[in-house]
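Reader: Hello, and thanks for taking the time. Please walk me through the structure below, one question at a time.

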Amino acid sequence: DSIWVAIAPGVTVLSVTLPGSQTAASTGDTITITGAGFDTGSTVSFKNGGSTTPATSSTRVSGTRIDAVLPSLSEGTYDVIVTTSSGTTGELGSAFDVDGTPAFNTASGSLGTLLDYAGVANFNAGATEDGASVNVSITTGSLPNGLSISAQGVITGTPSVNVSADTVYSFTVTATDSENQTSTRNFSITVQENYTPTASGQFGY
């Protein structure tokens, strides 16, 4: 008599795509895994050395694609493992690197207050990664006229905006590291009106 043996279909992991133009990933990033044989119950995990960590979540888009959210992982190079509902595994070695994202030097919120046409700014909205400065830029909002921000996040200048009352200028700074990973932080600067007495006893600029 013939004996039939069921063989679980194979699973293959071919590639991993990181978000945007990033060349490294970090906690919370969603990566795209492509391959073959991904069934409905497939799960994703990441291996570095002897340690394996499951994805925070994974979504099977098709039999050839899974999107997975990275858990908290130490910096290093990781293999990707896809395990089907039947327990069959496919693995891609050295699939991606995990690296930290830029960390800002200053807490979010107000950087300070300047007197219009008189105050001299010297604020730090910079960020670092692994101890080195990274490039920053203002991506929403704007600085008061007369102020500028360097690539390292140093804000300098004297405001020249003719405010008639204390005015808050809010803006978002984005820091980008060498692996195109980004961090953002919201800041503000307040410009105070600057009145001086005139000969007639009135006040003006």
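Author: Happy to! Helices (H or I, at least four residues) and strands (E, at least two) are DSSP runs, numbered from the N terminus. This is a predicted model, in which local features need pLDDT of at least 70 and side-chain atom pairs count only at pLDDT 80 or more, while totals for chains, interfaces and linings use all residues. Residues are numbered from 1 along each chain as its sequence is written, and side-chain values use heavy atoms, with hydrogens and water left out.

Reader: Is Asp67 buried or exposed?

Author: Asp67 lies in strand 6. Buried means under 20% relative accessible area, exposed over 50%, and partly exposed in between (1.4 Å probe, protein chains only). Asp67 has 17% relative accessibility, so it counts as buried.

Reader: At what distance does a polar contact join the side chains of Asp67 and Thr32?

Author: Contact means heavy atoms within 4.5 Å. Leaving aside neighbours within four places in sequence, Asp67 is in contact with residues including Thr30, Thr32 and Ser58. A polar contact is stricter: a pair of N or O atoms within 3.5 Å, where within protein one must be able to donate a hydrogen and the other to accept it, and residues adjacent in sequence count only if both atoms are side-chain atoms. For the side chains of Asp67 and Thr32, that polar contact is 3.2 Å.

Reader: Which strands stand at the edges of the open sheet, each with a single partner strand?

Author: Two strands pair if DSSP finds at least two bridges between them. By that rule there is an open sheet of four strands, paired antiparallel in the order 4-3-7-8. One side of each edge strand is left without a neighbour in the sheet, because a single partner is all that these have: strand 4 and strand 8.

Reader: Which residue takes a positive phi in the hairpin of strand 3 and strand 4?

Author: Strand 3 (residues 43-48) and strand 4 (residues 51-54) run antiparallel and are joined by four bridges. Lys47 stands opposite Thr52 in strand 4. The hairpin has two residues between the strands, and the positive phi, near 65 degrees, belongs to Gly49.

Reader: How many residues does the largest nonpolar core have?

Author: A nonpolar core is a set of buried Ala, Val, Leu, Ile, Met, Phe, Trp, Tyr and Cys residues joined through side-chain atoms within 4.5 Å. Val44 and Phe46 are among the residues with the most contacts inside the largest one. Elements giving two or more residues to this core include strand 1 (12-17), strand 2 (30-36) and strand 3. The largest core has 21 residues.

Reader: And how many residues are in the second, separate core?

Author: Phe171, Val173, Ala175 and Ile189 are included in this second core. Its residue count is 17.

Reader: Why is the pair of Phe46 and Phe96 called edge-to-face?

Author: Rings of Phe, Tyr and Trp (its six-membered ring) pair if their centres lie within 6.5 Å; planes under 30 degrees apart count as stacked, over 60 as edge-to-face and the rest as tilted. Four aromatic pairs turn up in a search of the whole structure. In this one the ring centres of Phe46 and Phe96 are 5.6 Å apart, and the pair is edge-to-face because the planes are at 90 degrees.

Reader: How many residues apart are Phe171 and Phe187?

Author: Their ring centres are 6.3 Å apart and their planes at 40 degrees, so the pair is tilted. Both Phe171 and Phe187 are buried. The pair links strand 16 (residues 167-176) to strand 17 (residues 182-192), with a separation along the chain of 16 residues.
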